[in-house]
Amino acid sequence: MGSLYDYMRVPMDPSSEHAQRRYGAIKKFFDWALKEELVPRKRELRVLDLCAGTGIAGAALCETLHEWGIKGSLTLVDKRGEDLSLVKNWLSREEEVTGIVGDCLTELPKLRDFDVALLWGHSMAHFNPFQAAKLFRSVAEVLNPGGIFLIEETNNFERLFYRGRYRSPYVEVKSDEWALLSLDEGYSRKRDTITIGFYRIPNWELVERTELRFWDLAGIAGMLSMAFEKVGIVSKAEHGIVGVDDVVYALLPHRA
Ligand SMILES: C[S@@+](CC[C@H](N)C(=O)[O-])C[C@H]1O[C@@H](n2cnc3c(N)ncnc32)[C@H](O)[C@@H]1O
């Protein structure tokens with residue numbers, strides 16, 4: 001069985017024009033965030049990119065820091081190793097980059113002293129509420145007292161239930177030869193997750209079956225407030241950058 005991200009990698013693949021435009025938009029967002037002092041302005045910043053994929057977000061932040069005369073070092077965590085090495089394609093200079101292949105939930109307790117933690121590109125779906133609580137507590141532990149956690153997400157309640165965007169089967173991506181379809185294959189009332197099967201047609205080859213949680217922004221912010229003193233949401237309309245979704249931020253991590 002392959003991985004869903006063998007097929008859904010266009011938004012983060014450095015060779016795709018779409019991803020390059022997205023990279024430019026993420027850089028613009030970080031430039032805005034530095035101006036607004038949402039991202040701390042220090043001489044050096046340690047950046048942690050969680051569920052990093054190709055590291056598009058962490059690299060965009062490090063490049064923006066460089067333009068501001070700030071030295072950045074980057075640590076990437078993803079449970080798939082194959083995309084991590086592509087981070088060099090986003091970087092114009094030899095950065096201090098560490099790639100960690102593993103699950104964020106098990107890797108985070110081994111890490112310390114970061115200034116910025118990122119969870120970019122709608123990755124919250126991979127964490128059910130119990131895992132999210134553990135993730136947020138662990139991020140609060142790895143951040144320095146002046147650190148910030150930024151999550152790019154959307155309001156899935158509005159997207160799926162109010163606007164009715166998800167219908168099973170759903171065509172996720174297609175090319176001339178194949179399409180990736182997703183099917184609703186079950187629901188856990190206790191974890192509030194949907195089991196989704198991803199199939200490659202024409203042969204209905206199962207690519208991955210995974211449990212996803214469709215989060216809303218206030219739900220994420222509310223849970224973050226148990227691990228951080230100050231939490232807020234910067235909506236798309238507020239930051240105004242096309243190509244970057246709503247961003248939830250959390251400052252002043254509580255220590256256990
Ligand atoms: C939606 S992609 C986002 C990638 C990238 N951050 C971006 O903005 O394009 C989600 C990524 O999370 C990784 N992932 C999913 N669950 C994970 C976990 N528990 N720990 C580490 N990585 C995980 C996947 O392999 C995938 O690369």
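## Close-up views of a predicted two-domain model

**View 1. Where the two domains meet.** Eight residues of domain 1 are in contact with ten residues of domain 2. On the domain 1 side of this meeting place, four residues are nonpolar, four are polar and none is charged. Keep in mind as you look that this is a predicted model. The domain assignment gives domain 1 as residues 13–157 + 214–253, and domain 2 as residues 158–212. Taken over C-alpha atoms, the centres of domain 1 and domain 2 are separated by 26 Å.

**View 2. Helix H3 and its surroundings.** Let us zoom in on H3, which runs over residues 56–67. Does its length fit what we expect of a helix, or what should twelve residues at 1.5 Å a residue span? The expected span is 16 Å, and the end C-alpha atoms of H3 are 17 Å apart, which agrees. Is H3 mostly covered or mostly open? Nine of its twelve residues are buried, so to speak of H3 as mostly covered is fair. The buried residues are Ile56, Ala57, Gly58, Ala59, Ala60, Leu61, Cys62, Thr64 and Leu65. Helix H2 (17–35) is among the elements that cover them, along with strands S1 (44–50), S2 (71–78) and S4 (114–119). Just after H3, look for Gly69, which takes a positive phi of about 75°.

**View 3. The largest nonpolar core.** In soluble globular proteins, nonpolar side chains tend to be buried together. Here the largest nonpolar core holds 64 residues, and Val116, Ala117 and Leu118 touch the most other members. H3, from the previous view, gives the most to this core, with seven residues. Which residues does Ala117 contact, leaving aside its neighbours within four places in sequence? They are Leu48, Leu50, Val139, Val142, Leu143, Gly147 and Phe149. Another core, of six residues, lies apart from the largest one and includes Leu4, Ile194, Phe198 and Val207.

**View 4. The shell around the ligand.** Our last stop is the ligand, which has 20 residues around it. Which of them come nearest? They are Met12, Cys51, Gly53, Gly121 and His126. H3 turns up again here: together with S2 and helix H4 (104–107), H3 is one of the elements that give two or more residues to the shell. Sorted by class, the shell has eleven nonpolar, five polar and four charged residues.

Technical notes:
Residues are numbered from 1 along each chain as its sequence is written. This is a predicted model: local features need pLDDT of at least 70, side-chain atom pairs count only at pLDDT 80 or more; totals for chains, interfaces and linings use all residues. Helices (H or I, at least four residues) and strands (E, at least two) are DSSP runs, numbered from the N terminus. The expected span of a helix is 1.5 Å times one less than its number of residues. A residue is buried if 20 or more other C-beta atoms lie within 10 Å of its own, exposed if 12 or fewer, and partly exposed in between; C-beta atoms are placed from the backbone. Two residues are in contact if their C-beta atoms, placed from the backbone, lie within 7 Å. Domain bounds come from an automatic or database domain assignment. Ala, Val, Leu, Ile, Met, Phe, Trp, Tyr, Cys and Pro count as nonpolar, Asp, Glu, Lys and Arg as charged, and the others, Gly among them, as polar. A nonpolar core is a set of buried Ala, Val, Leu, Ile, Met, Phe, Trp, Tyr and Cys residues joined through C-beta atoms within 7 Å. A residue is near a molecule or strand if its C-beta atom, placed from the backbone, lies within 6 Å of it.
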